[in-house]
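Subject: The two-chain structure, with notes

Hello,

Here is the structure I promised to pass on. Could you open it beside this message while you read?

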Amino acid sequence: MIRPLRPLTTFTSPPGAAAPPTGVKIAVTGLDFFYSQKQALSAITTDLQANIVTAFIGPSGCGKSTFLRTLNRMNDIIPGARVEGQILIDGHDIYHPGTDVVDLRRRVGMVFQKSNPFPKSIFENVAYGLRVNGITRNRGELEGRVEDSLKAAAIWDEVKDRLSESALMLSGGQQQRLCIARALAIQPEILLMDEPASALDPIATQRIEELIYQLKTTYTIVIVTHNMQQAARVSDRTAFFWLGRLVESGPTEQIFTSPTEKLTEDYVTGRFG
Amino acid sequence: MTRTTRRYVEWTIERALFACAVGSVLVTAGIIGVLLFETVAFLREVPIGSFLFGTVWTPLFSDAQFGVLPLVGGTILVSAIAMAVAVPAGLLSAIYLSEYANPRVRRVVKPVLEVLAGVPTVVYGYFALLFVTPLLQTFLPSLSSFNALSPGLVMGIMILPLVSSLSEDALHAVPNGLREGAYALGATRMQAALRVVVPAALSGISASFILAMSRAIGETMIVAIAAGQQPRLTANPLVPVETMTAYIVQISMGDTPAGSIGYRTIFAVGMLLFVMTFVLNLASDWLRRRFREVYA
């Protein structure tokens with residue numbers, strides 16, 4: 001089923017009507033990030049609001065993906081990576097030595113640029129997070145949560161008759177929605193998406209974008225994209241990165257129509273990048 | 001050089017290289033041909049059924065019987081002991097090297113492990129006979145001086161690098177995205193390794209197991225030295241046995257006249273050995289190719 005593209009709400013809706021009143025979910029203060037000697041992020045300070053979609057935009061290598069991956073400490077597994085500064089999620093410092101990284105990642109889900117379903121059945125892909133976190137051992141409950149997650153990721157109707165087939169048999173767009181279902185299964189509070197549609201065709205991209213729109217009522221979503229139309233379509237707030245710095249952030253409409261920084265204006269109007 | 005000489009040189013080099021390639025193929029074909037020829041001559045005198053399924057192997061006795069099962073049994077017993085050592089130890093060290101060790105440790109440990117594969121097998125053979133067997137006899141007084149256990153254990157150490165190195169390659173080839181996917185779902189390192197990375201690399205890992213088994217079945221020196229030369233159909237690892245390879249050594253070194261039935265047995269046993277390792281190698285190759293297709 002192909003539905004028409006959602007209109008560019010951020011351009012058409014009246015100012016101030018887009019974002020519902022919400023609180024700060026993630027508070028970042030003075031964040032520096034280094035890959036061994038190379039500094040990839042400098043002095044990032046920003047607040048990310050709960051239950052809205054925040055888009056990170058900027059040219060390749062500007063640090064937007066790196067920043068995204070600091071939010072669930074995914075960069076920890078890179079040898080030589082180093083973080084300075086502070087990230088608070090719901091007021092808790094996620095880089096505090098006492099923080100349980102496994103628990104953090106359970107609360108902060110992630111969807112990757114290249115869809116990465118495990119070479120297992122569709123069912124087992126979604127059940128994986130439930131199993132490793134010991135969320136449920138009960139077969140019926142497990143099946144219920146797998147079904148709910150697949151429904152939430154808008155892929156249930158396409159896979160319900162072949163849950164035991166390998167996930168690698170699915171198309172690229174389906175694999176990516178399966179990865180979203182897998183992330184939703186453990187009921188995170190925050191969903192990080194690293195260019196989730198960059199490898200997909202326009203129709204599959206549209207479905208992911210619609211899905212993001214539905215999910216933001218339940219989750220705090222942060223999406224990295226280098227497609228500015230996509231940022232404009234799906235996000236409520238946008239942050240523009242340039243050479244490892246956060247240049248400007250604000251309501252998406254404002255970033256795209258009346259940015260305060262000259263650099264932002266040049267980028268969003270396509271003068272470089 | 002004129003153009004003609006240049007062309008002549010090119011032509012000569014091409015022919016010479018072609019001759020080398022054809023030569024090695026012909027030698028292989030020749031070996032298989034001799035094996036086949038002598039095996040057929042053997043089977044003309046001994047029915048294939050009593051060769052493959054007979055349980056008594058006494059080709060040099062006056063009452064000669066040609067049941068190859070005791071040799072096959074000895075081979076399988078020793079190889080099974082070797083696999084029981086090499087599979088768990090090899091797989092665990094592969095998991096450690098690929099998933100846990102930091103790159104510096106990996107760079108040092110992997111080549112060191114591979115050095116084990118370079119030790120001449122005759123050294124392993126005497127190690128089994130003169131060190132491991134006496135050591136084991138202090139715990140197991142009933143262990144014979146020649147037995148299946150000690151060469152089996154030592155052979156396990158010998159094929160361990162094969163398992164660990166090839167399994168490590170398979171684990172290492174699993175895309176990082178799968179590990180990240182698992183970590184992002186709150187998996188610990190062990191959960192990511194055991195429930196995602198190892199299953200994803202399974203065909204490569206099983207290929208390494210099969211290759212190691214093929215190597216164990218074909219291994220000669222260790223068993224010829226330390227396992228004894230008594231064809232015996234038994235599952236008891238404490239008594240002397242004879243493997244197919246050790247039997248071939250025994251007859252080849254002895255004074256069995258060429259053309260006799262005793263002489264032909266070594267070709268029949270050799271053929272059987274060849275078929276077994278060939279099938280295992282094919283299986284291993286098939287598994288590895290399938291593995292490559294998934295992550296090409």
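Below is what I found, taken chain by chain and then at the contact between the chains.

Please keep in mind throughout that this is a predicted model.

**The sheet in chain A**

Let me start with the strands. Chain A has an open sheet built from 4 strands, ordered E2-E1-E4-E5, with antiparallel pairing. Its edges are strand E2 (38-49) and strand E5 (92-93) of chain A, each of which pairs on one side only.

Strand E1 of chain A covers residues 24-35, and 8 bridges link E1(A) to E2(A) in the antiparallel sense. If you want to check the register, Val28(A) has Thr46(A) as its bridge partner in E2(A), and Phe34(A) is bridged to Gln39(A) of E2(A). The two strands E1(A) and E2(A) make a hairpin with 2 residues between them, and Ser36(A) in the turn shows a positive phi of about 50°.

**Two places to zoom in on in chain A**

The first is Ala55(A), which sits in strand E3 (residues 53-57) of chain A. Is Ala55(A) buried or exposed? Its relative accessibility is 0%, and buried means under 20%, so Ala55(A) counts as buried. Beyond its neighbours within four places in sequence, Ala55(A) is in contact with Ile223(A), Ala231(A), Ser235(A), Arg237(A), Thr238(A) and Ala239(A). There is also a long-range pairing to look at: Ala55(A) and Val234(A) are 179 residues apart in sequence, yet their C-alpha atoms are 8.0 Å apart in space.

The second is Lys216(A), in the loop that runs between helix H8 (202-215) and strand E8 (220-224) of chain A. Lys216(A) has a relative accessibility of 13%, and because the cut-off for buried is under 20%, this lysine counts as buried too. What does the side chain of Lys216(A) join in a polar contact? The partner is the side chain of Asp236(A), at 2.9 Å. Leaving out residues up to four places away in sequence, Lys216(A) touches Asn51(A), Ile52(A), Val53(A) and Ile221(A) as well as Asp236(A).

**The nonpolar cores**

In soluble globular proteins, nonpolar side chains tend to be buried together. Here the largest nonpolar core has 100 residues, and Phe56(A), Phe67(A), Ile87(A), Leu150(A) and Ile180(A) have the most contacts inside it. Helix H4 (residues 122-132) of chain A supplies the largest share of this core, with 7 residues. Another core lies apart from it and has 31 residues, including Val78(B), Tyr124(B), Ile159(B) and Ala246(B).

Leu150(A) is a good residue to centre the view on. Not counting residues up to four places away in sequence, Leu150(A) touches Val126(A), Ile155(A), Trp156(A), Val159(A), Leu163(A), Leu178(A) and Ala181(A).

**Chain B**

Chain B has 12 helices and 0 strands. Its C-alpha atoms fill a box of roughly 75 × 70 × 35 Å along the principal axes. Chain B has 296 residues, of which 45% count as buried. Among contacts in chain B with a separation of 6 or more, 71% come from residues 24 or more positions apart.

**Where the chains meet**

How many residues does each chain bring to the contact? Chain B gives 19 residues and chain A gives 25 residues. About 1700 Å² is buried between chain B and chain A, with carbon and sulfur atoms giving 66% of that area. On the chain B side, Glu180(B), Leu185(B) and Arg195(B) lose the most area to chain A, and together they make up 37% of what that side buries.

As for polar links, 6 residue pairs are in polar contact across the interface of chain B and chain A. The count of salt bridges between chain B and chain A is 1. Glu180(B) forms this salt bridge with Arg69(A), and the closest N and O atoms are 2.8 Å apart. Helix H7 (176-184) and helix H8 (189-200) of chain B are the elements that give two or more residues to the side of chain B touching chain A. H7(B) gives the most to that side, with 7 residues.

Happy to look through any of this together.

Best wishes

Definitions and conventions:
Residues are numbered from 1 along each chain as its sequence is written. Chains are lettered from A and ligands numbered from 1 in the order in which they are written. This is a predicted model: local features need pLDDT of at least 70, side-chain atom pairs count only at pLDDT 80 or more; totals for chains, interfaces and linings use all residues. Side-chain values use heavy atoms; hydrogens and water are left out. Two strands pair if DSSP finds at least two bridges between them. A nonpolar core is a set of buried Ala, Val, Leu, Ile, Met, Phe, Trp, Tyr and Cys residues joined through side-chain atoms within 4.5 Å. Buried means under 20% relative accessible area, exposed over 50%, partly exposed in between (1.4 Å probe, protein chains only). Contact means heavy atoms within 4.5 Å. A polar contact is a pair of N or O atoms within 3.5 Å; within protein, one must be able to donate a hydrogen and the other to accept it, and residues adjacent in sequence count only if both atoms are side-chain atoms. Buried area is the accessible area (1.4 Å probe) that two parts lose on being put together, summed over both. A salt bridge is a side-chain nitrogen of Lys or Arg within 4 Å of a carboxyl oxygen of Asp or Glu.
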